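Here's a quick walk through a protein model for anyone meeting it today. Have a look at the picture first, and then we'll go through it piece by piece.

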Amino acid sequence: MADHGFTRGPWSVEMPSRNSPNIWIGSAADSSIAKIEAYDHEDGGPEHLCETDYANARLIAAAPELYAALQGMVSAYGNELATCPYTRRARAALAKAAGE
């Protein structure tokens, strides 16, 4: 896999705790990669997270494995499936992740 400057995986999700109401995504190489912040209730209640926040955290944490798997599939089958719209979408997603 080409080095595009990404933090090496695997990444993990650290759920909120008493000390931090936020979700943190991190890796062994870099303790914090991303943070999903809890937000205040409209009624002034305590900060909270919703199920979408947890789902987003899991998706972000899966990014290194998803990128590697997609890159492997495109490398292995891209020529055979060159006209497949999913192959074009896969290449576009990889390019987006690489900043191209």
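## A pair to start from

Let's begin with one pair of residues: Trp24 has Lys35 as its bridge partner in β3. Keep in mind that this is a predicted model. The pair belongs to a wider match-up, since β2 and β3 run antiparallel and are joined by 3 bridges. Getting from β2 to β3 takes a hairpin of 6 residues.

## The overall layout

Zooming out, the protein chain holds 3 helices and 3 strands. Read from the N terminus, the elements go β-β-β-α-α-α. The chain has 100 residues, and buried ones make up 23% of them.

How much of the contact between residues with a separation of 6 or more comes from those 24 or more positions apart? The share is 36% of such contacts in the protein chain.

## The sheet

The 3 strands make an open sheet, ordered β1-β2-β3, with antiparallel pairing. β1 (11-14) and β3 (34-36) sit at the edges with a single partner strand each, so each has one side without a neighbour in the sheet. From one strand to the next, the twist averages 20°. As general background, strands of a sheet pair through backbone hydrogen bonds, and they can do so parallel or antiparallel.

On the β1 side, 4 bridges tie β1 to β2 (residues 23-27), and these two strands run antiparallel as well. Here Ser12 is found opposite Gly26 in β2. As for β2, 4 of its 5 residues are buried, so this strand is largely enclosed by the rest of the structure.

## Ser27, a closer look

Ser27 is part of strand β2. Is Ser27 buried or exposed? Its relative accessibility is 9%, so Ser27 counts as buried. Setting aside residues up to four places away in sequence, Ser27 touches Thr7, Arg8, Pro10, Trp11 and Ile33.

## Helix α1 and its two faces

Now for helix α1 (residues 51-61), whose buried residues are Asp53, Tyr54, Ala57 and Ala61. These residues cover an arc of only 100° around the axis, so they are on the same side of α1. A general point about helices helps here: an α-helix has 3.6 residues a turn, so residues three or four places apart point the same way.

What do the buried residues of α1 pack against? Their packing partners are β1, β2, β3 and α2. Turned away from that buried side is a face carrying the exposed residues Glu51 and Leu59.

## Pro16 in its loop

Pro16 is in the loop between β1 and β2. With 30% relative accessibility, Pro16 counts as partly exposed. Not counting neighbours within four places in sequence, Pro16 is in contact with Pro21, Asn22, Ile23, Leu49 and Tyr54. Tyr54 has already come up as one of the buried residues of α1.

There's also a distance to look at here. Pro16 and His48 are 32 residues apart along the chain, and their C-alpha atoms are separated by 9.5 Å.

## An aromatic pair

How many aromatic pairs turn up in a search of the whole structure? The search finds 1. The pair is made by Phe6 and Tyr67, which meet edge-to-face, with 5.1 Å centre to centre and 75° between the planes. Phe6 comes from the segment before β1 and Tyr67 from helix α2 (residues 63-77), so the pair links distant parts of the chain, 61 residues apart.

The two rings' residues can also be described by how accessible they are. Phe6 has 35% relative accessibility and counts as partly exposed. Tyr67, with a relative accessible area of 9%, is buried.

## The cysteines

What about disulfides? In general, a disulfide is a covalent bond between the sulfur atoms of two cysteines. With sulfur atoms required to be within 2.5 Å, the count for this model is 0 disulfides.

Two cysteines are worth finding in the picture. Cys50 is partly exposed at 28% relative accessibility. Cys84 is partly exposed too, its relative accessible area being 24%.

Methods:
Residues are numbered from 1 along each chain as its sequence is written. This is a predicted model: local features need pLDDT of at least 70, side-chain atom pairs count only at pLDDT 80 or more; totals for chains, interfaces and linings use all residues. Side-chain values use heavy atoms; hydrogens and water are left out. Two strands pair if DSSP finds at least two bridges between them. Axes are lines fitted to C-alpha atoms, for helices over the stretch in contact, and angles run from 0 to 180 degrees between N-to-C directions. Buried means under 20% relative accessible area, exposed over 50%, partly exposed in between (1.4 Å probe, protein chains only). Rings of Phe, Tyr and Trp (its six-membered ring) pair if their centres lie within 6.5 Å; planes under 30 degrees apart count as stacked, over 60 as edge-to-face and the rest as tilted. Contact means heavy atoms within 4.5 Å. The arc is that of the directions from the helix axis to the C-beta atoms.
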